[in-house]
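Please look through the sequence and the model below before reading on. The paragraphs that follow move from one residue to its surroundings, and then to other parts of the chain.

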Amino acid sequence: MGRGTAFKVTTDMNHCNIGLVKWFDNKAVTLGSNYVTSGDVDKVERWDKKKKAYVEIERPEIVRRYDSMGGVDKMDQLISYYRILIRSRKWTLRMAMHAFDIAITNSWIQYTKEAEQLNIPKKNVLDLLHFRINLAKDLITFEKPITPKRKGRPLSTPSNESVNEPSQTYKIPKVDSQRPTEAVRTDTIDHLPELDDRKYATKCKNKKSEGRRTHVYCLKCNVHLCLDKKSNYFKNFHVNK
């Protein structure tokens with residue numbers, strides 16, 4: 001069979017029109033549809049190793065439409081990149097996770113379309129992976145207070161010595177590892193200033209600070225922000241502007 005050869009089989013039943021097409025390219029490709037089969041055949045170029053040149057072969061319409069990868073096919077492809085993995089044999093849980101994947105993927109597609117309409121530069125548009133990461137961070141930390149962590153083993157009975165000692169303390173996070181999402185930055189929940197124990201001050205992460213340095217950082221956002229008598233970039237950073 002030469003490249004470009006196609007065979008078609010269709011049903012002959014009322015209200016049940018289904019067609020199968022087998023098309024030979026480098027390998028045999030079999031596709032089925034209730035919408036279109038061979039349809040309008042067009043020409044495509046393929047590289048011929050023997051002739052060492054491009055040659056034209058015929059391509060059925062069903063193959064051309066599948067190659068365009070739109071709608072459900074595109075969504076399935078995107079879901080397969082970062083699918084939620086769950087170790088369970090229960091079909092209900094798998095269906096629920098798949099529903100989450102569908103919602104997240106379709107949200108990202110809508111996000112990219114709106115970004116294009118608003119003429120947002122492509123370098124500022126999140127790809128699917130970072131879109132999912134930011135969404136997870138928002139769901140975890142948005143409007144959530146900082147969870148204190150108790151040091152040491154819990155005491156069965158309180159003693160006089162432990163009354164004056166702080167029973168809870170905040171775990172010191174790794175500061176300046178990454179910037180918070182806009183939703184978390186402006187949620188106005190538990191954005192508390194704290195002093196680090198570094199020898200040298202760190203550059204303020206507020207863009208308007210013009211390179212000033214500080215020892216103050218936000219416990220929730222994990223970024224250094226200037227906070228003194230002259231300027232309050234800590235407050236400005238957490239205001240939605």
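**From one phenylalanine outwards**

In this predicted model, Phe 237 is in contact with Arg 179, Pro 180, Arg 185, Lys 205, Asn 206, Cys 221, Val 223 and Leu 225, when residues up to four places away in sequence are not counted. Apart from this lies another core, made of nine residues, among them Val 21, Val 36, Val 55 and Val 63.

Phe 237 itself belongs to the largest nonpolar core, whose 10 residues are Cys 204, Val 216, Cys 218, Cys 221, Val 223, Leu 225, Cys 226, Tyr 233, Phe 234 and Phe 237. Two elements, strand 9 (216–218) and helix 7, each contribute at least two residues to this core, and helix 7 gives the most, with three residues. Of the contacts of Phe 237 named above, Cys 221, Val 223 and Leu 225 are also listed as members of this core.

The next feature to consider is the largest pocket, which has a volume of about 740 Å³. It is lined by 23 residues, and those closest to its centre are Arg 179, Pro 180, Thr 181, Glu 182 and Arg 185; Arg 179, Pro 180 and Arg 185 are also among the residues that Phe 237 touches. The elements that give two or more residues to the lining are helix 3 (91–117), helix 4 (128–141), helix 6 (182–185) and helix 7 (233–237). Which of the helices gives the most to this lining? Helix 4 does, with four residues. Sorted by class, the lining holds 11 nonpolar, five polar and seven charged residues.

Helix 3, one of the elements that line the pocket, has 27 residues and reaches 39 Å from its first C-alpha to its last, which is close to the 39 Å expected at 1.5 Å a residue. Its buried residues are Met 97, Asp 101, Ile 104, Thr 105, Trp 108 and Ala 115. After helix 3 comes Asn 119, whose phi is positive, near 60 degrees.

A last stop is Thr 37, which is found in the loop between strand 3 (28–33) and strand 4 (42–48). Is Thr 37 buried or exposed? Thr 37 counts as buried because its relative accessibility is 14%, and the cut-off for that class is under 20%. With residues up to four places away in sequence left out, Thr 37 touches Lys 8, Thr 10, Gly 19, Val 21, Pro 60, Glu 61 and Ile 62. Of these contacts, Val 21 is also one of the residues of the nine-residue core.

Methods:
Residues are numbered from 1 along each chain as its sequence is written. This is a predicted model: local features need pLDDT of at least 70, side-chain atom pairs count only at pLDDT 80 or more; totals for chains, interfaces and linings use all residues. Side-chain values use heavy atoms; hydrogens and water are left out. On a 1 Å grid over the protein atoms alone, a cavity is a set of points where a 1.4 Å probe fits but cannot get out, and a pocket is an open set with protein on both sides within 12 Å along at least five of seven lines; lining residues have an atom within 4 Å of a point. Grid points are joined across faces, edges and corners, and a volume is the space filled by probe spheres set on the points. Ala, Val, Leu, Ile, Met, Phe, Trp, Tyr, Cys and Pro count as nonpolar, Asp, Glu, Lys and Arg as charged, and the others, Gly among them, as polar. The expected span of a helix is 1.5 Å times one less than its number of residues. Buried means under 20% relative accessible area, exposed over 50%, partly exposed in between (1.4 Å probe, protein chains only). A nonpolar core is a set of buried Ala, Val, Leu, Ile, Met, Phe, Trp, Tyr and Cys residues joined through side-chain atoms within 4.5 Å. Contact means heavy atoms within 4.5 Å.
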